[in-house]
Amino acid sequence: MTLLHLSPDVEAALAAGRPVVALESTIISHGLPRPRNHEAALEFEQLLRDQGVTPATIAVLDGVPQIGLDADGVRRIAEEDLAKASVRDLPILAARNASGATTVAATAHLAAMAGIRVFATGGLGGVHRGASETFDESADLSTLAVTPITVVSAGVKSVLDIAATLERLETYSVPVIGLGTTVFPSFWLRESAFTLDWSVESPADVAAVMVAHDALGHRQGIVVANPVPADQAWEREEHERVLNEAFAAAERAGVTGKAVTPFLLGTIVELSGGRSLEVNLDLARNNVRVAGEIARAWAAQAG
Ligand code: PSU
Ligand code: MN
């Protein structure tokens, strides 16, 4: 059994202490529609290369966790119907030589195993609305409690229970740091009803927090909340209307469990006539760029 396969680029960059940023594959396989997902996967990688940062898109292919994909690997996560794989699914995929697109949790876990310290995604998973009845809470949170990686996201989607998600991150001692904001963003919108205790002004400030985090012996993740730029955010009223309709559709369709997030995302793209998708892509690009800058600052202080 091959534990991890590092692409030659990623292996060389890590060995030399050059900046590397992990990218997840569930956003490509399940979070974005085809064929835009394939273009997006390639674009996110290119944005990092343009910054002098090595991209490490992570997925499990034929039983082997891949840290960095070649062109065919990127095509596969975009075109094949891959299972959505969280941390608990990894040993099963490995033992059966099966493939899966990794969630934030599984990507963070594998990236940290490979020694990668910075990760860009769109939105973090969290506590679902109604979780006090259903117990539906993403393993993204429990994984970040035990995984030393800095995740850049645009907050969590307003389809989740944001208050409960922030409480859980507090319980797990995962720092949540606003980048240029003291308000927690809600994915398509720059704001939510929740303020943050801590805000920093620059990617270098985040790297400084990472250094202190390590020095204190902390082994948790760090969440960097990076709001979508104002001119790219979704219009608030349209956002409210579409979300309400999507929740109603999920209830009518009887969707539950891990199918909920992909269902809502797909329905929201449809009901918004593609507008939510454009915002999703813009915020993800923005997170990738910021993660690249954090990785550069991190590599600079280490070297
Ligand atoms: N948020 C997004 N797009 C996504 C996801 C979250 O904006 O595609 C995916 C991520 O991979 C995240 C996962 O890790 O959904 C969370 O799913 P669940 O709630 O089933 O853990
Ligand atoms: Mn769930």
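**Exercises on a predicted model: annotated residues, ligand shell and core**

K157 counts as buried because 25 C-beta neighbours lie inside 10 Å; a residue is buried if 20 or more other C-beta atoms, placed from the backbone, lie within 10 Å of its own. The model is predicted: local features need pLDDT of at least 70, side-chain atom pairs count only at pLDDT 80 or more, and totals for chains, interfaces and linings use all residues. Residues are numbered from 1 along each chain as its sequence is written, while chains are lettered from A and ligands numbered from 1 in the order in which they are written.

**Exercise 1.** Determine which residues the UniProt annotation "active site" covers, and describe the surroundings of each.

*Solution.*
- Step 1. The unreviewed UniProt entry places "active site" on E24 and K157; such annotations may be inferred rather than shown by experiment.
- Step 2. K157 is located in the loop between β8 (150-153) and α9 (162-171). Helices (H or I, at least four residues) and strands (E, at least two) are DSSP runs, numbered from the N terminus.
- Step 3. Apart from neighbours within four places in sequence, K157 contacts G123, S186 and F187; contact requires C-beta atoms, placed from the backbone, within 7 Å.
- Step 4. E24 occupies the loop between β2 (20-23) and α2. E24 is buried because it has 29 C-beta neighbours inside 10 Å.
- Step 5. Outside four places in sequence, the contacts of E24 are I58, T102, T103, V104, T107 and T121.

**Exercise 2.** Describe the shell of residues around ligand 1.

*Solution.*
- Step 1. The shell holds 17 residues, the closest being T26, G31, G123, G125 and S138; a residue belongs if its C-beta atom, placed from the backbone, lies within 6 Å of the ligand.
- Step 2. Two or more residues each come from α2 (26-31), α6 (104-114) and α8 (139-144). The largest share, 4 residues, belongs to α2.
- Step 3. The shell comprises 4 nonpolar, 9 polar and 4 charged residues.

**Exercise 3.** Identify the residues that touch the most other members of the largest nonpolar core, and examine F119.

*Solution.*
- Step 1. This core has 90 residues, of which V21, A56, A111, F119, V151, A291 and I294 touch the most other members. A nonpolar core is a set of buried Ala, Val, Leu, Ile, Met, Phe, Trp, Tyr and Cys residues joined through C-beta atoms within 7 Å.
- Step 2. F119 contacts, beyond four places in sequence, V21, A22, T107, A108, A111, I149, T150, V151 and A291.

Conventions: Ala, Val, Leu, Ile, Met, Phe, Trp, Tyr, Cys and Pro count as nonpolar, Asp, Glu, Lys and Arg as charged, and the others, Gly among them, as polar. A residue is buried if 20 or more other C-beta atoms lie within 10 Å of its own, exposed if 12 or fewer, and partly exposed in between; C-beta atoms are placed from the backbone. Two residues are in contact if their C-beta atoms, placed from the backbone, lie within 7 Å.
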